[in-house]
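Subject: Structure handover

Dear colleague,

I am passing on the structure we spoke about, and below it you will find my notes on what turned up in it. Please read them with the coordinates open beside you.

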Amino acid sequence: MQSQHSCWPFLIGPLFALGLVSSSVSAETPTGSEAPYPLDSLERTISPKGKMKCPNLNMTRHKGKYVRYHKPVFIYQGFQERLERFESIAADVAVEIYGRRPRQIVHLGTYNCRRIRRIPDLLSEHALGNAIDIEGFDFGPARNPTERASSPHRRLRRGFKVRVDSHWDRDKGVEALHARFLHTLTERLLEEEVFRVLLGPAFPGHQDHFHFDLAPYRLVSL
Ligand SMILES: [Zn+2]
């Protein structure tokens with residue numbers, strides 16, 4: 001178990017060195033309660049220059065089981081179960097706050113054979129199809145009297161959009177409700193240990209999206 005994770009200090013080190021990880025960020029190895037993941041022992045270090053080659057993994061196309069994606073995602077097979085947990089939690093939190101599920105999850109991509117920006121000798125988890133970038137959620141109109149009655153605001157009986165970019169920091173009116181949805185969602189994902197890396201507006205380059213992945217280390221900055 002320990003030997004499998006020996007790459008952690010090398011992976012997390014550059015993040016500290018670049019000042020990407022501040023004191024408000026928790027960065028630690030996953031606790032014993034977290035199950036090992038099939039890609040934990042996969043080598044992420046690559047040559048910082050030249051043409052890169054991404055590992056050949058079992059990939060799958062996933063439309064979304066509990067909430068669909070606006071466009072199917074192309075991911076590592078083992079990541080699918082985590083995305084399904086994410087969809088299920090997003091559906092539950094949406095019902096708690098808005099009285100109905102999102103119509104679709106809007107993402108900015110999953111698989112992309114590339115290096116980590118600013119750390120060119122490390123493979124991005126996107127290069128393994130082991131990460132997703134979430135822009136927000138689209139809700140359709142309330143479809144029946146129950147949904148209309150449980151909508152917390154008249155305006156929300158119509159369709160609406162929730163976006164990390166426009167709503168994460170809002171504290172007034174209907175928009176504060178969208179902020180609550182986004183914050184409750186990430187809190188629930190953390191509690192249930194669905195992902196190991198969760199990045200959001202607090203992390204450089206993530207003003208307009210959440211990045212979730214299953215790298216072999218833990219990093220949370222939302
Ligand atoms: Zn990302």
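By how much of a helical turn are Glu 81 and Arg 85 separated in helix α2? They are four residues apart in that helix, which spans residues 80–98, and the separation is therefore about one helical turn. Please keep in mind here, and for everything that follows, that this is a predicted model. The side chains of Glu 81 and Arg 85 meet in a salt bridge, at 3.6 Å from N to O, and both ends are partly exposed, Glu 81 with a relative accessible area of 41% and Arg 85 with 29%.

Helix α2 also takes part in a contact across the sequence, since the side chain of Glu 96 forms a salt bridge with that of Arg 188 at 3.0 Å, N to O. This pair links distant parts of the chain, with Arg 188 in helix α5 (residues 173–191) and Glu 96 in helix α2, 92 residues apart.

The structure holds ten salt bridges, and one of them joins the side chains of Asp 138 and Arg 163 at 2.8 Å, N to O. Asp 138 belongs to strand β8 and Arg 163 to strand β9 (residues 160–163), so this pair ties together parts that are 25 residues apart in sequence. Asp 138 counts as buried at 5% relative accessibility, and Arg 163 is buried as well, with a relative accessible area of 15%. Returning to the helix pair, salt bridges that share partners join Glu 81, Arg 82 and Arg 85 into one network.

Turning to the metal, the zinc ion has as its protein donors His 126 through NE2, Asp 133 through OD and His 211 through ND1, lying 2.0 to 2.1 Å from the ion. Along the chain these donors follow the spacing H-x6-D-x77-H. Asp 133 sits in strand β8 (residues 131–139) and His 211 in strand β11 (residues 210–213), so the two tie together parts that are 78 residues apart in sequence; both residues are buried.

Finally, there is one disulfide, formed by Cys 54 and Cys 113 with their sulfur atoms 1.9 Å apart, and the link is right-handed, with 95° about the S-S bond. Because Cys 54 lies in the loop between β1 and β2 and Cys 113 in the loop between β5 and β6, the pair ties together parts that are 59 residues apart in sequence. Cys 54 counts as buried at 17% relative accessibility, whereas Cys 113, at 30%, counts as partly exposed.

With best wishes

Key:
Residues numbered from 1 in each chain as written. Predicted model: local features only at pLDDT ≥ 70, side-chain atom pairs only at ≥ 80, totals over all residues. Heavy atoms only, no water. Donors = N, O, S within 2.8 Å, 3.2 Å for Na, K, Ca; no water. Buried < 20%, exposed > 50% of the residue type's maximum accessible area, 1.4 Å probe, protein only. Disulfide = S-S within 2.5 Å. Salt bridge = Lys/Arg side-chain N within 4 Å of Asp/Glu carboxyl O.
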